[in-house]
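Biologist: I am new to this structure and would like a close look at a single part of it. Could you take one buried charged side chain and its aromatic surroundings, and walk me through them slowly?

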Amino acid sequence: MRTIKFRGQRLDNGKWWHGSLVILNGRYFIFNDEGRYEVSGATVGQYTGLQDDKDKEIYEDDIVRDEYKGVAKVCFDSYSWRLIYGIGDDGDQVQLFEELDGLRMDIIGNIHDNPRLIK
């Protein structure tokens with residue numbers, strides 16, 4: 001069974017918070033055993049169910065570097081997780097997670113904290 005959880009950037013201090021997502025009256029809240037906090041809806045991303053080579057959980061909107069030095073954004077599109085390579089002037093190359101089978105990758109940032117990594 002897959003773990004369903006989310007992360008989002010807290011409105012009160014800008015730190016990342018992980019847990020269950022609840023949307024109330026257009027406001028986004030993430031709950032976990034330590035508490036609940038309102039987060040920016042623009043930063044909410046779902047856990048992919050995968051970890052990188054350092055056992056860090058990979059979330060939607062993370063930026064990863066693969067073993068071949070390719071840099072890609074993690075996204076969910078049309079019922080599946082994907083890596084999008086070549087963001088910018090070169091166009092996009094899409095790789096489905098199902099096709100990755102053993103591809104090693106490390107998280108190097110995310111599009112909210114490190115937008116320059118994907119340009």
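Modeller: What follows is a description of Arg 7 and then of the rings, strands and cores around this part of the chain.

The model is a predicted one, in which local features need pLDDT of at least 70 and side-chain atom pairs count only at pLDDT 80 or more, while totals for chains, interfaces and linings use all residues. Residues are numbered from 1 along each chain as its sequence is written, and side-chain values use heavy atoms, with hydrogens and water left out.

Arg 7 lies in strand E1, residues 6-9, where strands are DSSP runs of at least two residues, numbered from the N terminus. Its relative accessibility is 8%, so Arg 7 counts as buried; buried means under 20% relative accessible area, exposed over 50% and partly exposed in between, with a 1.4 Å probe and protein chains only. The side chain of Arg 7 makes a polar contact with the side chain of Asp 62 at 2.6 Å, and a polar atom of the Arg 7 side chain lies 3.5 Å from the backbone oxygen of Glu 60. A polar contact is a pair of N or O atoms within 3.5 Å, of which, within protein, one must be able to donate a hydrogen and the other to accept it, and residues adjacent in sequence count only if both atoms are side-chain atoms. The charged end of Arg 7 also sits over the ring of Trp 16, 4.9 Å from its centre, which by rule requires CZ of Arg or NZ of Lys within 6 Å of the ring centre and within 35 degrees of the ring normal. Leaving aside neighbours within four places in sequence, the residues in contact with Arg 7 (heavy atoms within 4.5 Å) include Trp 16, Trp 17, Ile 30 and Asp 62.

Trp 17, one of these contacts, leads on to the aromatic pairs. Rings of Phe, Tyr and Trp (its six-membered ring) pair if their centres lie within 6.5 Å, and planes under 30 degrees apart count as stacked, over 60 as edge-to-face and the rest as tilted. The count comes to three aromatic pairs. One of them joins Trp 17 and Tyr 37 edge-to-face, at 4.7 Å centre to centre and 80 degrees between the planes. Trp 17 lies in strand E2 (residues 16-24) and Tyr 37 in strand E4 (residues 35-39), so this pair ties together parts that are 20 residues apart in sequence. Trp 17 is buried at 11% relative accessible area, whereas Tyr 37, at 27%, is partly exposed.

The strands in between can be followed in turn. E2 is joined to strand E3 (residues 27-32) by five bridges, and the two run antiparallel; strands pair if DSSP finds at least two bridges between them. Leu 21 stands opposite Ile 30 in E3, and in the hairpin of E2 and E3, which has two residues between the strands, Asn 25 takes a positive phi near 50 degrees. E3 and E4 also run antiparallel and are joined by five bridges, with a hairpin of two residues connecting them.

Finally, the cores deserve a word. A nonpolar core is a set of buried Ala, Val, Leu, Ile, Met, Phe, Trp, Tyr and Cys residues joined through side-chain atoms within 4.5 Å. The largest has twelve residues, among them Ile 58, Trp 81 and Ile 107, and its largest share, three residues, comes from E9. Apart from this core lies another, of five residues, including Phe 6, Trp 17, Ile 30 and Val 39.

How values were computed
Helix = DSSP H or I, 4+ residues; strand = E, 2+ residues; numbered from the N terminus.
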